[in-house]
Amino acid sequence: MSSNSAVAFQTAFLFPGQGGFDGAALRRARGLHPQVQRVFDRLDPITEELYSRRVSDLIFGPGEADLRDLLDTAPWASQVAIYGAGLAAYEILTAQGVRPDVLAGHSLGEITALVAAGAFSVEDGVRVVAQRVAVIERQSGIDGRMVALTASAERTAKLLDLVDDPLLAVATENHDEQTVVSGPAGVLDRVVAIAGQLGLSAIEIDTPFPFHTPALAPAAPEFADYVRKLDQHPLQRPVYSPILQRYYEPGDVLADLLAEHFTRPVRFAAAVRHLHQAGATVFVEAGGRGALSKLVGRLTTGSAVRALPTLAVLGGSLALDGSLQALREAGLADAGRGSLAELLAPSVPAEVFAAYWSERGHLVLETIRTELDAFRKESAGAPEAPAEPAAAEPAAEPAAEPAAAGQGPAPAASDAPDHDRGTLFAELRTLYAEALEYPEDVFEDEVQLEAELGVDSVKQVELLSRVSSRYGLPPRDSGFRLAEYNTMGRITDFVLAQLNDPSARGSVTAAR
């Protein structure tokens with residue numbers, strides 16, 4: 001798509017860059033939307049290959065994933081986390097029927113936008129993000145920071161002229177009263193001091209390096225050489241670059257253009273104004289913290305533009321929930337694709353519904369299935385007789401008589417042999433793998449279904465119901481707690497105990 005295209009846009013997705021990660025929000029979204037885990041399942045093998053660590057372990061492990069901690073302990077993880085959160089938000093939104101007309105990214109977010117548009121695979125996107133960090137780390141002497149000043153780009157440029165350091169640069173123009181400066185740490189201290197004397201506030205950006213500065217020029221060629229070896233695919237959606245100030249075009253060599261990002265500024269304010277003039281009235285921030293949504297609000301004050309955050313916790317609630325509802329009301333998302341909590345109990349907080357569903361969801365599903373079966377028979381006028389015709393059983397053999405009569409060849413149910421745990425575990429592993437489209441070998445005995453594989457409580461209840469149907473298990477009582485059966489081993493032991501329970505043996509034998 002050329003920069004002078006006359007195509008009108010309505011919905012724009014914006015992907016955040018440095019600082020755009022909210023670990024608490026991502027964790028909440030992961031419990032409600034399986035797309036989050038699916039994305040990170042694709043990132044983990046690459047980070048394990050490159051760093052011998054699964055990024056999911058750092059983000060979803062014990063305790064809250066704080067961006068500052070990631071920056072201090074594993075700079076690469078902070079960048080992959082931002083990238084992964086942006087893709088996860090994109091997958092959630094599109095799964096709900098939201099179709100963006102154009103994508104745009106802020107700094108690092110431009111890589112996310114290109115991957116979402118199909119330019120690179122999700123896995124190669126991780127490699128691009130990781131290489132971006134690696135080539136900078138290999139450049140000696142880059143000890144820098146990024147600081148946001150409450151000043152226009154013009155005023156900030158004059159301030160930098162006073163300091164007169166060739167490695168200082170205006171890295172980002174966010175709006176008319178906020179500009180981000182990038183450069184060596186010691187020199188930035190002087191900039192902050194002068195800004196304070198002028199009455200300007202300065203806020204440090206959570207970033208491992210001083211991006212968009214001449215200091216990174218030596219790293220650009222190596223980065224371009226690496227990206228050039230990756231497979232580049234045609235874009236499936238338009239992508240507008242706040243750095244290039246144009247749309248990416250079919251003939252672009254993305255390796256070279258992404259390398260230019262190292263030293264060129266992000267003119268985000270100009271990009272938003274361009275997209276607005278092109279017809280965009282809804283800007284959805286696909287990623288964390290909601291900072292870009294606030295910037296769009298400031299840049300389009302007085303217009304009918306809506307700026308919607310997603311993976312941010314605002315006022316104690318996940319912003320994604322309200323944004324999806326707003327998109328449905330505007331006809332930009334499918335009304336029938338809300339989460340189970342939104343469809344069944346819209347006034348109940350999502351975390352309360354999740355706890356309820358974990359404890360009692362299986363009872364709800366079993367009630368629905370029983371009523372649906374009765375409704376189906378009633379609607380079809382079917383008799384209450386068994387599904388298989390009586391003629392299918394030989395009349396001469398009283399197989400239905402109790403075994404206590406001692407005359408049937410089949411053993412009594414109470415005499416059936418116990419089930420073997422190993423065989424049962426293998427059967428359950430196959431069932432779960434086929435239902436979730438995961439390889440069987442990930443279902444180890446102690447694997448955590450939700451914490452490690454991202455199988456939410458709704459899906460777990462559905463799978464247990466399939467197990468119950470397959471093995472003819474009796475209904476679970478009201479004391480059943482899904483949270484106690486959170487590994488394949490515990491599920492196997494639960495099913496095994498039911499199968500080997502003499503009081504349930506009759507129904508089990510009939511089912512098998």
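This report looks at the overall make-up of a protein, one of its helices, one pocket and two loop residues.

**Overall make-up**

The model is predicted. The protein has 512 residues, and 49% of them count as buried. Its secondary structure comes to 20 helices and 12 strands. Consider the contacts with a separation of 6 or more. Of these, 74% are accounted for by residues 24 or more positions apart.

**Helix α1**

Helix α1 covers residues 23-32. Which of its residues are buried? They are Gly23, Ala25, Leu26, Ala29 and Arg30. Viewed down the axis of α1, these buried residues fall within an arc of 160°, so they line one face of the helix. A general rule helps here. An α-helix has 3.6 residues a turn, so residues three or four places apart point the same way.

What do the buried residues of α1 pack against? Their partners include three helices: α2 (34-51), α3 (55-60) and α5 (75-95). They also pack against the strands β11 (313-314) and β12 (317-318).

The start of α1 has a polar contact as well. There, a side-chain oxygen of Asp22 comes to within 3.2 Å of the backbone nitrogen of Ala24.

**The second largest pocket**

This pocket has a volume of about 570 Å³. Its lining is made of 23 residues. Gln18, Asn174, Gln178, Ile205 and Ala291 lie nearest its centre. Several elements give two or more residues to the lining: the strands β3 (144-149), β4 (169-175), β5 (178-184) and β6 (202-204), and the helix α13 (291-299). The largest share comes from α13, with 4 residues. By type, the lining divides into 9 nonpolar, 10 polar and 4 charged residues.

**Two loop residues with positive phi**

Ser107 has a positive phi, although Ser107 is not a glycine. His212 is likewise a residue other than glycine with a positive phi. The table sets out their values and places.

| Residue | Phi | Loop between | Relative accessible area |
|---|---|---|---|
| Ser107 | near 60° | β2 (102-105) and α6 (109-116) | 5% |
| His212 | near 60° | β6 and α10 (220-228) | 1% |

Are these two residues buried or exposed? Buried means under 20% relative accessible area. Ser107 is at 5%, so Ser107 is buried. His212 is at 1%, so His212 counts as buried too.

Note on methods. Residues numbered from 1 in each chain as written. Predicted model: local features only at pLDDT ≥ 70, side-chain atom pairs only at ≥ 80, totals over all residues. Heavy atoms only, no water. Buried < 20%, exposed > 50% of the residue type's maximum accessible area, 1.4 Å probe, protein only. Arc of directions from axis to C-beta. Contact = heavy atoms within 4.5 Å. Polar contact = N/O pair within 3.5 Å; in protein donor to acceptor, adjacent residues only side chain to side chain. 1 Å grid on protein atoms, 1.4 Å probe; cavity = no way out; pocket = protein on both sides within 12 Å on 5 of 7 lines; lining within 4 Å. Points joined across faces, edges and corners; volume = space filled by probe spheres on them. Nonpolar A, V, L, I, M, F, W, Y, C, P; charged D, E, K, R; others polar.
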